[in-house]
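User: I'm new to reading protein models. Can you walk me through this one, a feature at a time?

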Amino acid sequence: MGGLKERSVAAILPAAGSGQRFGDSKNKLFSSLNGDPLWVHSVRRLAMRAEIGRLILAVSEHDLGDFQEQASSVSLPLPVEFVIGGAERMDSVQRALDQIDTEGQQSWVAVHDAARPLVSADDLDKVFLAVQQTGAAILATPVSGTLKRELGGGLGSETVDREGIWMALTPQVFRVGLLKQAYAKHNGRPATDDAQLVERLGHAVQLVKGSAENLKITFPEDLSIAEAILNRK
Ligand code: CTP
Ligand code: MG
C-alpha cells in the first residue's frame, strides 16, 4: 500500500494558546527558532508534504494580526487559513474542523500542535501510511522512565508498570468523517488529545512509533533543546 493521495489531507494546527508555562509576554509560538518564528517551522514541515492540501491554523483573536503579518513574510507552498480558536485546545480544533467538508477534496485530517516544530519526514511517512489501515493513527513514543503514582495520606508512592505505556505525540491523523463524529459526541467532556475522543467511539487508534525528538515546546528550555537538535541535523 502506498502513501496517501496528493492533497488528500487537511492539516489543523491548534495555535490559539497563550503559552502560560513558557512565561513570555507574547505567545511562545512567536519565539524565534533559528531565525524563524517557532510556528513557521511546524507549518512548513507539513506544507512541504504533497499529501497536504489545506493548512488551517486556529489562533486567538489577540494574536491573529501578528500571525497574518508573519505568514505574509514567509513563502510557503500552501496558503495558511486562519480561524479563531477557543478557550481549550479541543475548542480550537473543533473550530478548524468546522471548516472542513466531509464531502470535500480532503478525506483525511491531521491535527498537529503548532508547538511541535521538529516532526520528521520519516515520522510523517509512517503515520500517513498507517492511517490507511484503521482510519485513525497517531505518532507516539514508548515511555522510557520509571513511572510513580503518589498514594497520598503519607503513604509515599507505588511504581506503575510501564509495559505498553506510550506518550501521545502529534500529528494525529483520522478520516475526516471519523474525527467529526468523535467531536460531535464530545459534549464538553475533558480530553487531552484528539485520539481520546475517537477511542470513546470504540474505534481503534493505531499507535505509530515516532521519534521522541518531536518535542512540544512548553518551557523555555525546550527551545534550546530544539535549537540543538535542528543545528545537529
Ligand atoms: N492551543 C489552542 N487553543 C487553546 C489552547 C492551546 O489552539 N485554547 C494550542 C497551543 O497554541 C499549542 C497546542 O495547542 O500549539 C498545545 O498546547 P500547549 O502546548 O499547552 O500550549 P499553550 O496552551 O499555549 O501553553 P500553556 O498550556 O503553557 O499555556
Ligand atoms: Mg495548554
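**Backbone oddities, overall build and ligand**

Analyst: Sure! Let's begin with P171, which has its place in strand 10, residues 166–175. Keep in mind that this is a predicted model.

User: What is the peptide bond from T170 to P171 like, cis or trans?

Analyst: To read that, you look at the omega angle. Here omega is near 5°, and the bond from T170 to P171 is cis.

User: What about phi: which sign does R7 have?

Analyst: Phi is another backbone angle you can read residue by residue. For R7 it's positive, about 60°, even though R7 isn't a glycine. You'll find R7 in the segment before strand 1, which covers 9–14.

User: Okay, zooming out. How many helices and strands does the chain have?

Analyst: Count them along the chain and you get seven helices and eleven strands. Next, set the radius of gyration against the globule rule: the chain has 18 Å, close to the 17 Å the rule gives for 233 residues, so the chain is as compact as a globular protein of that length. Along the principal axes, the C-alpha trace spans about 55 × 40 × 35 Å.

User: Where does ligand 1 sit?

Analyst: Look for the largest pocket: that's where ligand 1 sits. There are 19 residues around ligand 1, and the nearest are G19, Q20, R21, S92 and K216. Sorted by type, the shell has seven nonpolar, six polar and six charged residues.

User: Which polar atoms come close to the oxygen and nitrogen atoms of ligand 1?

Analyst: Here you check pairs of N or O atoms within 3.5 Å. A polar backbone atom of A15 is 3.1 Å from an oxygen atom of ligand 1, and for S18 a polar backbone atom is also 3.1 Å from an oxygen of the ligand. With S92 the side chain takes part: one of its N or O atoms is 2.7 Å from a nitrogen atom of ligand 1.

User: And how much of ligand 1 does the protein bury?

Analyst: Start from the ligand taken alone, which exposes 560 Å². The protein buries 87% of that.

Methods
Residues are numbered from 1 along each chain as its sequence is written. Chains are lettered from A and ligands numbered from 1 in the order in which they are written. This is a predicted model: local features need pLDDT of at least 70, side-chain atom pairs count only at pLDDT 80 or more; totals for chains, interfaces and linings use all residues. Side-chain values use heavy atoms; hydrogens and water are left out. A residue is near a molecule or strand if one of its heavy atoms lies within 4 Å of it. A polar contact is a pair of N or O atoms within 3.5 Å; within protein, one must be able to donate a hydrogen and the other to accept it, and residues adjacent in sequence count only if both atoms are side-chain atoms. Accessible areas come from the Shrake-Rupley method with a 1.4 Å probe; for residues, only the protein chains shown count as cover. On a 1 Å grid over the protein atoms alone, a cavity is a set of points where a 1.4 Å probe fits but cannot get out, and a pocket is an open set with protein on both sides within 12 Å along at least five of seven lines; lining residues have an atom within 4 Å of a point. A molecule sits in a cavity or pocket if more than half of its atoms lie within 2 Å of its grid points. Ala, Val, Leu, Ile, Met, Phe, Trp, Tyr, Cys and Pro count as nonpolar, Asp, Glu, Lys and Arg as charged, and the others, Gly among them, as polar. Helices (H or I, at least four residues) and strands (E, at least two) are DSSP runs, numbered from the N terminus. The radius of gyration is taken over C-alpha atoms; the globule rule is 2.2 Å times the number of residues to the power 0.38.
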